[in-house]
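Thanks for coming. I'll keep this short, and you can follow along on the screen.

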Amino acid sequence: MYRYDEFDHDFVQARVAEFSDQVQRRLAGEITEDQFRPLRLMNGVYLQLHAYMLRIAVPYGTLNSKQLRMLGHIARKYDKGYGHFTTRQNIQFNWPALSDIPAILADLASVEMHAIQTSGNCIRNVTADHFAGAAADEVADPRPYAEILRQWSSVHPEFSFLPRKFKIAVTGAERDRAAIQTHDIGLHLKKNTAGELGFAVYIGGGQGRTPMVAKKIRDFLPEADLLSYCTAILRVYNLYGRRDNKYKARIKILVHETGVEEITRQVEAEWQELKDAELKLPEADIRAIDAYFAPPQLSDRPEGDEAVKLARLDSKSFSDWLDQNVVTHRHPDYAAVTISLKGIGEVPGDASDSQMEAVADIAEKYGFDELRVSHEQNLILPHVARADLKAIYDALADIGLATANSNLISDIISCPGLDYCALATARSIPIAQEISRRFASLERQREIGELKLKISGCINACGHHHVGHIGILGVEKKGAELYQVTLGGSADENTSVGEIIGRGFSSEEITDAIEQIVETYLGLRLDPQEKFIDAYRRVGPAPFKEALYAGEAKAA
Amino acid sequence: MKVLTANRLTDGIAVWYADGGWADTVDNADIAHDKAAEDRLEAIGAAAYASNEVVDVNLIDVSVVDGVVEPVRLREKIRAAGPTIRNDLGKQAVRAA
């Protein structure tokens with residue numbers, strides 16, 4: 001994985017020193033909150049309901065064991081023994097004291113981590129497919145490009161005060177696991193007919209109160225032009241994006257109001273000015289970054305097939321986990337493992353200090369020291385030998401992280417909601433927990449099949465409800481929590497925004513309503529292979545409305 | 001009825017104004033029963049903000065249930081108790097201990 005060079009070290013150390021000084025001056029009363037707020041936000045420090053919150057960047061979701069162990073250490077020493085992995089592949093701590101943050105940042109810097117640009121109207125952490133470098137279906141690892149974008153966008157003087165925050169995602173496979181069409185810029189790394197690498201470029205995707213699916217503005221951008229083209233997009237946005245209304249300031253609104261054709265013309269015109277200048281990426285530089293992401297040396301481990309076969313016979317729970325949480329690797333003797341942070345009834349995305357340390361040990365022992373955070377709030381071991389899967393399963397089971405529910409209904413994305421967040425209008429975690437408990441039976445979940453359920457506790461949509469096959473949005477109505485349900489959303493290569501199905505449900509009713517939706521789907525699917533999303537796209541909302549609301553219409 | 005709440009500057013912990021200082025719980029917060037009392041609390045909040053004791057200062061609605069001050073809105077109930085999903089965290093944890 002990427003290692004800091006001297007420049008990176010100096011840059012992060014300088015930032016730690018600078019922010020430590022700012023914190024000291026704030027605590028001494030030398031600067032006001034109004035002066036300090038933008039400074040703390042640039043360093044990932046928010047104020048939430050109960051305390052400050054620190055959001056730490058995990059660039060493109062890639063971590064090594066030492067780094068995860070440090071996150072466990074921070075959880076224990078400075079926080080309350082746990083951390084929350086987010087949909088942006090980052091981690092948040094919910095209880096740090098402001099006075100401890102300089103020490104936390106110094107600890108992070110010692111393992112090449114920081115909290116820079118995890119907030120503010122700048123280019124945020126660039127996210128990527130969590131199976132990058134391991135997936136059998138990718139044309140190339142997208143992370144070197146994410147790293148190039150990180151270097152280019154870090155304290156970029158022109159793009160540090162954009163109209164609003166800006167998020168970029170990169171995938172290297174046709175099967176989009178990075179939700180690129182829900183981002184401000186989505187990049188799909190592909191090869192042209194000549195076998196050269198480049199990108200399909202999407203812009204203007206986003207969620208929040210105005211969900212939009214990104215529009216493709218270029219089918220193939222040569223890799224050397226990555227930075228000049230992104231600069232052109234950002235320049236057009238920075239110039240024309242609205243600054244008068246925070247809710248209309250994202251690039252999605254600009255794309256929508258300008259029209260795809262016109263904004264494409266503007267971007268291309270800007271790019272003509274830039275493309276042959278200093279932003280053109282030299283081949284040698286791309287390959288130098290590539291080298292940092294060179295895959296581990298995977299020696300053949302052909303004994304894996306037999307080992308897995310025997311272990312399957314021995315343990316049904318292992319067999320279930322294998323079927324659900326283990327995916328094929330480009331090397332046939334290896335696999336990629338999803339470590340579910342969605343134990344039945346648990347808080348989605350939370351991990352304790354000791355779990356983080358134990359997972360770090362597992363990655364070190366079996367996983368070439370590599371880990372990922374997925375945008376679905378799970379951890380990933382991208383490279384493990386099939387021969388070691390049983391030992392890994394046993395080690396995960398020991399720490400309560402062997403739930404075999406990847407991509408099933410209890411693998412819920414949930415924002416922190418009103419239990420923590422100052423912006424939330426309703427709680428989301430307890431709803432996730434109740435649904436998870438209702439569908440606790442793994443057998444039942446597998447019978448239902450792939451179903452992406454996503455919950456947000458306010459219209460900002462951090463819980464991605466718009467693109468859940470089933471989405472739940474919590475709002476406050478007449479002083480009580482009310483949950484609106486959307487159906488038919490999706491965040492893959494066929495991205496769609498879900499449709500509101502009807503009146504919302506109280507916190508007491510919502511789990512029953514979700515069960516009713518699931519039962520309706522089970523009753524109408526053509527066969528067990530027809531997934532929820534496919535069935536919904538075939539039949540539309542009518543049968544679900546009927547199931548949820550017909551009784552009311554008759555009663556009325 | 002309103003009380004004054006904020007978060008302490010140094011650690012961000014939620015606090016309520018009571019008996020001339022900032023308390024860790026809402027239980028004994030000074031209650032404003034009329035506009036004049038609200039103005040007094042607001043002035044105290046503004047002064048505490050200006051002197052860098054606290055941030056995010058707000059007057060919130062409360063009721064008194066069995067002699068105990070209780071915030072009206074769910075958001076403020078959660079601030080006063082802690083996350084509803086973790087009874088071991090926040091003010092409720094201290095109370096239980």
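I'll go through the sheet in chain B, then the contact between the chains, then two helix pairs in chain A. Please keep in mind that this is a predicted model.

Start with chain B. There is an open sheet of 5 strands here, in the order E3-E2-E1-E4-E5, and the pairing is antiparallel. Which strands are at the edges? They are E3, residues 21-23, and E5, residues 68-71, and each of them pairs on one side only. On average, and ignoring direction, neighbouring strands of this sheet are turned by 45 degrees against each other.

Look now at one pair within the sheet. Strand E1 of chain B, residues 2-8, runs antiparallel to strand E2, residues 14-18, and 3 bridges join them. As for residues, B:Thr5 has B:Trp16 in E2(B) as its bridge partner. Packed on the sheet is helix H1 of chain B, residues 35-50, which touches E1, E2 and E4. The direction of this helix makes about 150 degrees with that of E4(B).

Next, the contact between the chains. How many residues does each chain give? Chain B gives 21 residues and chain A gives 22. On the side of chain B, the elements that give two or more residues are strand E4, 54-65, and helix H2, 74-81. H2(B) has the largest share of that side, with 4 residues. By class, the chain B side has 9 nonpolar, 7 polar and 5 charged residues.

Now chain A, and the first helix pair. Helix H1, residues 6-27, packs with helix H4, residues 101-109, at an angle of about 175 degrees, and their axes are 9 Å apart. That angle is why H1(A) counts as roughly antiparallel to H4(A). From H1(A), the residues in this contact include A:Val12, A:Val16 and A:Phe19, and those they meet in H4(A) include A:Ile101, A:Leu105 and A:Ala109. The classes here are 9 nonpolar, 2 polar and no charged residues.

The other pair in chain A is helix H5, residues 143-153, with helix H9, residues 283-292. They pack at about 115 degrees, with axes 9 Å apart. H5(A) is therefore roughly perpendicular to H9(A). The crossing in which H5(A) passes H9(A) is right-handed. Which residues meet? A:Pro144, A:Glu147 and A:Ile148 in H5(A) meet A:Ile286, A:Ile289 and A:Asp290 in H9(A). This contact has 4 nonpolar, no polar and 2 charged residues.

That's what I have. I'll take questions now.

Definitions and conventions:
Residues numbered from 1 in each chain as written. Chains lettered and ligands numbered in written order. Predicted model: local features only at pLDDT ≥ 70, side-chain atom pairs only at ≥ 80, totals over all residues. Axes fitted to C-alpha atoms, helices over the stretch in contact; angles between N-to-C directions. Parallel < 35°, antiparallel > 145°, perpendicular 65-115°, else oblique. Left-handed = near helix turned anticlockwise from the far one by under 90°. Contact = placed C-beta atoms within 7 Å. Nonpolar A, V, L, I, M, F, W, Y, C, P; charged D, E, K, R; others polar. Pairing = 2+ DSSP bridges.
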